[in-house]
Amino acid sequence: MASLKELKGRINSVKSTQKITKAKQMVAAAKLRKAQEAAEQARPYAARLAEVMGSLASKVTISENSPKLLAGTGSDQVHLLVVANSDKGLCGAFNSNIVKAAVQKARKLEAEGKTVLFYLVGRKGRAVIKREFPKQIEHMFDTTDVRNPGFDEAEKIADELVALYEKGKFDVAHLFFAKFRSALVQEPTGQQIIPVPTPEAAAATAGQDAVTEYEPEEEEILAALLPRYLKTQLFGALLENAASEQGASMTAMDNATRNAGDLIQKLTIQYNRSRQAAITTELVEIIAGAEAL
């Protein structure tokens, strides 16, 4: 049984931890508002750009002369999984859920006889993928010194992916990140980004803008828009990740603070009982000594 000194030390230690988790919860809550606003403000632009891409793509016939980002390589043998994680922990299962979704996709592709490579963004999650796929990591994009990954980082990632694609390193690229739903819900999401898939909206809007005339030609506009579309998708994913990370961190720290409170209560009860038992034992010994006199 723990002594009174040990119990008191544990109570003080848990109280110190509770102060830290409470502070981290408040910091995450403050950062969440800004990150959520940024993610939500970027969505309309991405959605509108997808509509424009769909409209243009519906008017061109994919051929050898079409932009490679749209036409593809003519093969789907080598798949590159772009896994976007954070550089910090203490955010619950945020990073592990993204990695889990990517690993499941990798296993499925390998079962189909495909070759799988990884492009890792962020420090967290690397250990699992390094352990599971030690020889299949194509590149690791470091964001350690970046406070808030933004469009500059999305642009660099997009440029590197396009360079790898043009060198024939892969045929298809998939992006994995966490889509922000709420502080309690962050949805691991995987989507194809290269070759750029024709948005589903194209089929629905193909006949609505048939009178639209483009200058220059649709293929020329597509060639200019495709890299920007890729950067926009990556930028949106980084913003969604930032909001999801803060939401997950706030929830995790709130749970940790509550658990610390419960533990403090249990330890305090145990301490009081032990203290009462010690006092009772001491009184019994005093009374026994007095009677012996």
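# Notebook: pockets, a cavity and salt bridges

**Entry 1, the largest pocket.** I began with the largest pocket, whose lining is made up of 32 residues, and I noted that K31, R147, N148, E245 and Q246 are the ones nearest its centre. Two elements, helix 1 (4–57) and helix 7 (218–292), each give two or more residues to this lining. I should record early that the model I am reading is a predicted one. The space in this largest pocket comes to about 890 Å³. When I sorted the lining of the largest pocket by class, I wrote down 14 nonpolar, eleven polar and seven charged residues.

**Entry 2, the second largest pocket.** Next I looked up the second largest pocket, which has a volume of about 390 Å³. Its lining consists of 19 residues, and those nearest the centre are R43, A46, K179, Q233 and G236. I found that helix 1 and helix 7 each supply at least two residues here, as do strand 4 (172–180) and strand 5 (186–194). The classes in the lining of the second largest pocket are ten nonpolar, five polar and four charged residues.

**Entry 3, a salt bridge between helix 7 and strand 4.** I had met K179 beside the centre of the second largest pocket, and I wanted to know which residue forms a salt bridge with K179. The partner is E240, and the closest N and O atoms of the pair are 3.8 Å apart. This pair links distant parts of the chain, with E240 in helix 7 and K179 in strand 4, 61 residues apart. Is E240 buried or exposed? E240 has a relative accessible area of 5%, and because that is under 20%, I put it down as buried. K179, with a relative accessible area of 24%, is partly exposed.

**Entry 4, two further salt bridges.** The count of salt bridges in this model comes to nine. One that I followed up is between R107 and E132, where the closest N and O atoms are 2.6 Å apart. These two also link distant parts of the chain, since R107 sits in helix 3 (residues 94–111) and E132 in helix 4 (residues 126–132), 25 residues apart. R107 is partly exposed at 38% relative accessibility, and E132 is likewise partly exposed, at 33%.

I then turned to D254 and R258, which form a salt bridge with their closest N and O atoms 3.0 Å apart. Both of these residues lie in helix 7, four residues apart, which is about one turn of the helix. R258 has 54% relative accessibility, and because the value is over 50%, I entered R258 as exposed. I also noted that salt bridges with shared partners join R43, K179 and E240 into one network.

**Entry 5, the cavity.** Last, I asked how many cavities of 30 Å³ or more a search of the whole structure finds, and there is one. The space in the largest cavity is about 50 Å³. I listed its lining as V82, A84, V121, I157, L175, L234, A237 and L238. Strand 1 (78–84) and helix 7 are the elements that give two or more residues to it, and helix 7 gives the most, with three residues. By class, I recorded eight nonpolar residues in the lining of the largest cavity, with no polar and no charged ones.

Methods:
Residues numbered from 1 in each chain as written. Predicted model: local features only at pLDDT ≥ 70, side-chain atom pairs only at ≥ 80, totals over all residues. Heavy atoms only, no water. 1 Å grid on protein atoms, 1.4 Å probe; cavity = no way out; pocket = protein on both sides within 12 Å on 5 of 7 lines; lining within 4 Å. Points joined across faces, edges and corners; volume = space filled by probe spheres on them. Nonpolar A, V, L, I, M, F, W, Y, C, P; charged D, E, K, R; others polar. Salt bridge = Lys/Arg side-chain N within 4 Å of Asp/Glu carboxyl O. Buried < 20%, exposed > 50% of the residue type's maximum accessible area, 1.4 Å probe, protein only.
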